[in-house]
Amino acid sequence: MVWASIMINDRTRLHVVANGIMTGQRYIDEVLLPHVRLFRGAVGDKFVFMDDNATCHRTLAVQDCP
């Protein structure tokens, strides 16, 4: 499994999810906090985050993630 982010004129590096399944907590630890939070801070109020509605994206931990 892999994860990446795209935006106008930029993108993140491809993140390879190895050794196991993607859980909500792993999604937070490996994707949201190190990657998404940085872009959100840089973009500001116009930031829109979209995902594919995978089960790990819908956990309560992910919903409550700052």
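Helices (H or I, at least four residues) and strands (E, at least two) are, in what follows, DSSP runs numbered from the N terminus, and by that reckoning this protein has 2 helices and 4 strands, which run β-β-β-β-α-α from the N terminus on.

Please keep in mind that this is a predicted model, in which local features need pLDDT of at least 70 and side-chain atom pairs count only at pLDDT 80 or more, while totals for chains, interfaces and linings use all residues. Residues are numbered from 1 along each chain as its sequence is written, and side-chain values use heavy atoms, with hydrogens and water left out.

The predictor's confidence in each residue, pLDDT, goes from 0 to 100; its mean for the protein is 85, and 100% of the residues reach 70 or more. Confidence is lowest in strand β2 (residues 6-7), with a mean of 78, and highest in helix α2 (residues 60-63), at 92.

Turning to overall dimensions, the C-alpha trace spans about 30 × 25 × 20 Å along its principal axes. Of the 66 residues, 27% count as buried, where buried means under 20% relative accessible area, exposed over 50%, and partly exposed in between (1.4 Å probe, protein chains only).

One residue to look at is L14, which sits in the loop between β3 (10-11) and β4 (15-16) and, at 56% relative accessibility, counts as exposed.

Finally, consider two phenylalanines: F47 is partly exposed, with a relative accessible area of 22%, and F49 is also partly exposed, at 34%.
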